[in-house]
Number of protein chains: 2
Amino acid sequence: MYFALALNDLKFSRTQHFEGQVERSKIMSKKKNKVVTIYDIANELNYSPSTISRALKNHKSIGKDTTKQIQETAKKLGYRPNSLAASLRNNRSNNIGILIARINRPFISSLISGVENSARAAGYNVLISQSDDNYKNEVANAKALYDSRVCGIVASLSMETKNVDHFKQFIEQDIPVVFVDRVPSDLNSYRVIIDNYSAAYKATEHLIQQGCKRIAHFAGAQHLNVYKLRKNGYIDALKAYDITPDKDLLICMSTLSFEEGKEATSKLLNMKNPPDGIFSSNDTAAVSAIMEAKQKGVKIPEELAVIGFNDDPLASIVEPALSTVSHPAMKMGELSTKRILEHADKKMEKGVSEITILDTEVIVRASSKRLK
Amino acid sequence: MYFALALNDLKFSRTQHFEGQVERSKIMSKKKNKVVTIYDIANELNYSPSTISRALKNHKSIGKDTTKQIQETAKKLGYRPNSLAASLRNNRSNNIGILIARINRPFISSLISGVENSARAAGYNVLISQSDDNYKNEVANAKALYDSRVCGIVASLSMETKNVDHFKQFIEQDIPVVFVDRVPSDLNSYRVIIDNYSAAYKATEHLIQQGCKRIAHFAGAQHLNVYKLRKNGYIDALKAYDITPDKDLLICMSTLSFEEGKEATSKLLNMKNPPDGIFSSNDTAAVSAIMEAKQKGVKIPEELAVIGFNDDPLASIVEPALSTVSHPAMKMGELSTKRILEHADKKMEKGVSEITILDTEVIVRASSKRLK
DNA sequence: CTGTTTTACGCAACCGATTGCCTTTTATTT
DNA sequence: AAATAAAAGGCAATCGGTTGCGTAAAACAG
């Protein structure tokens, strides 16, 4: 009897280096920073660690009462699962990686916010990385996220990215990749986007309906399909209203920055035949256009109507307030997380992409309101 | 001879469940998604895994040549360390946690950006969590970050936080906690802040020097020391210039939101003896004041000079451009990371906090420029 | 009262890197 | 040349949770 009890007591203690370890660990357990593991629960209740593990995740092969008892004891002891251990064993963490160009931009930080909210609600953590719009950084960050065994990634391409091979490592390991906004067109993946073409079409159409005849467009880097689609929407809207696109009014920028916008506006306004409207692919450049025009004494919207894209906070502050196109960043982040979490349940077919398209709307403010 | 070779070949293969495993693993290794581990390198070069591990981190007990050979082979085989395994063993990851109220705010997203840049440069990842200015979320997020074994955290308190016990778990485990901006005053930790008192003093002084006699202040929640210090700086500046602080001009807000600012401004302007200057604890409320004043036909800065705090992008867009106080968010993020990375080298004394204070400057723009 | 299924749980390998201690070999000292 | 020190590397335990397989006992069927 004595032996049986003794054996029982030792049954699930971990293999130890030293003979005296049992005593030592008892002492240890008095220290406050001792962390509780499933082995401690196992010892407490005389179950095996496997039973504890299963009970904690409500595995059906463990009895109802046992499960309850174990879960209560776990709570009583203040057990906190070591996710590193589980991740190592499963070769997958519960971290979602985010790969974007720059965190401190309104659209992106709202996107991240959306991802974070929904990820955390589901018990996942969020790892961020920014490439600073640099291709090499993007590749390095993709490696780093891969190495930390993220269970999925949300990505928006850098301005420089043309080759997307660095995402293939994820796809090969069946790690879901969700591209948002700036997405590649030739990779088997999830995509969460807006209909850039029709958004641009509607924005341009709005300017036309306000009486603009010569509408300029600030286009972004054309290898990024968001900007290409916006440009196409712009051109097709013009054509639909029998306006011949004028090459001089199509300004291709590389970053759509404040400076680029300012300079472009300056040139446009100095033309012998200046535009009476500008549709910018982002709000930053649009705001710079407004400020430059005002400085030059050009009346907005009477002489120059302006509409931007994104609905950044700036848009409602600038004067006159900037008309723009809504870009549901937060929502896009939430949907991206959803795609990743759902992915576990299904098998993605090779060569198939799942695309989620969100609605946008033209937000009309003073900068383009010429009628009435 | 035959046996010796055979033994040698098997020497470092992991313990396997099945007899036929050796063949099987050879087949496996042809699959492209086989991941290379130190065991593979060990087998390749006939060294033990421990030697590989040491060589890869340039441990001095491994010979120079051996180390070189191992590192080259590692590269050749495309070895990528499994940080989960290392983290489990060391009970610490190389993830830095960020705990803030809201990601999509200019100051915060720049702060995160600074943390991310410097962390990644040092080979660390960044985990984010936002509390939405809710105390319970903050506590839960702290738990989550703790559970994922971050090696340090950067935190800025939520508006609601009064009790900071949820940070003690980190300190007990010697995990460095760096508070930024909204810091507690009674916790043994690192802090990266600006001198809020003197920044506010200087901002208020600036308004006085521009001829303001009745200066109002938009104060934030007073249990957060940033806002309390700004209020104190404001009051002391007034006193220094023999202006008696008027209680009616001291508006305590809870969130310093656009709406709160608008409402407060409206009330102030309706007073029989309205203020001729406003020093706001943030730019959002300051901008709302400008807009509200303009709408009421109050001239800025002639009838009402306004200065904000933070230098958000909005500040230079609003018209007239908002004077404000710079808040080096990016820099603060970088310094926070630095504190965490340095922490490993030193021992923090119980009861001692290390505080880093950054310079700020008053940025004078049109909204407060009354002279000349 | 046997034979079969189900229930409930234990065993031990496993994930991959790290590290204290030990052994063997080589270099240095007296 | 003997003794000591230093260099180079291996052994095996360890971190903590997970899981395929095996088994004893209980429930059920016949």
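In this predicted model, helix H7(B) passes helix H15(B) in a right-handed crossing. H7(B) covers residues 106-121 of chain B and H15(B) covers residues 329-343. The two pack with their axes 7 Å apart, at an angle of about 40°. That angle is neither under 35 degrees, which would count as roughly parallel, nor in the 65 to 115 range of roughly perpendicular pairs, so H7(B) and H15(B) are oblique to each other. As for who touches whom, the residues that H7(B) brings to the contact include B:Phe107, B:Leu111, B:Val115 and B:Ala119. On the H15(B) side, the residues they meet include B:Ala329, B:Met330, B:Gly333 and B:Thr337.

Over in chain A, the story turns to strand E8(A), residues 277-280. In a regular strand, side chains alternate between the two faces of the sheet. Here A:Gly277 and A:Phe279 point one way, while A:Ile278 and A:Ser280 point the other way. Whichever way they point, all four of these residues are buried.

E8(A) also has strand partners. Strand E6(A), residues 215-219, pairs with E8(A) in the parallel sense over 4 bridges, and strand E9(A), residues 305-307, runs parallel to E8(A) as well, joined to it by 3 bridges. A:Phe279 turns up in both pairings: A:Phe279 is the bridge partner of A:His217, and A:Phe279 also stands opposite A:Ile307 in E9(A).

What kind of unit do E8(A), helix H13(A) and E9(A) make? Together with H13(A), which spans residues 283-295, the two strands make a right-handed β-α-β unit.

Notes: Residues numbered from 1 in each chain as written. Chains lettered and ligands numbered in written order. Predicted model: local features only at pLDDT ≥ 70, side-chain atom pairs only at ≥ 80, totals over all residues. Heavy atoms only, no water. Buried < 20%, exposed > 50% of the residue type's maximum accessible area, 1.4 Å probe, protein only. Pairing = 2+ DSSP bridges. Right-handed = clockwise from strand over helix to strand, strands pointing away. Axes fitted to C-alpha atoms, helices over the stretch in contact; angles between N-to-C directions. Parallel < 35°, antiparallel > 145°, perpendicular 65-115°, else oblique. Left-handed = near helix turned anticlockwise from the far one by under 90°. Contact = heavy atoms within 4.5 Å.
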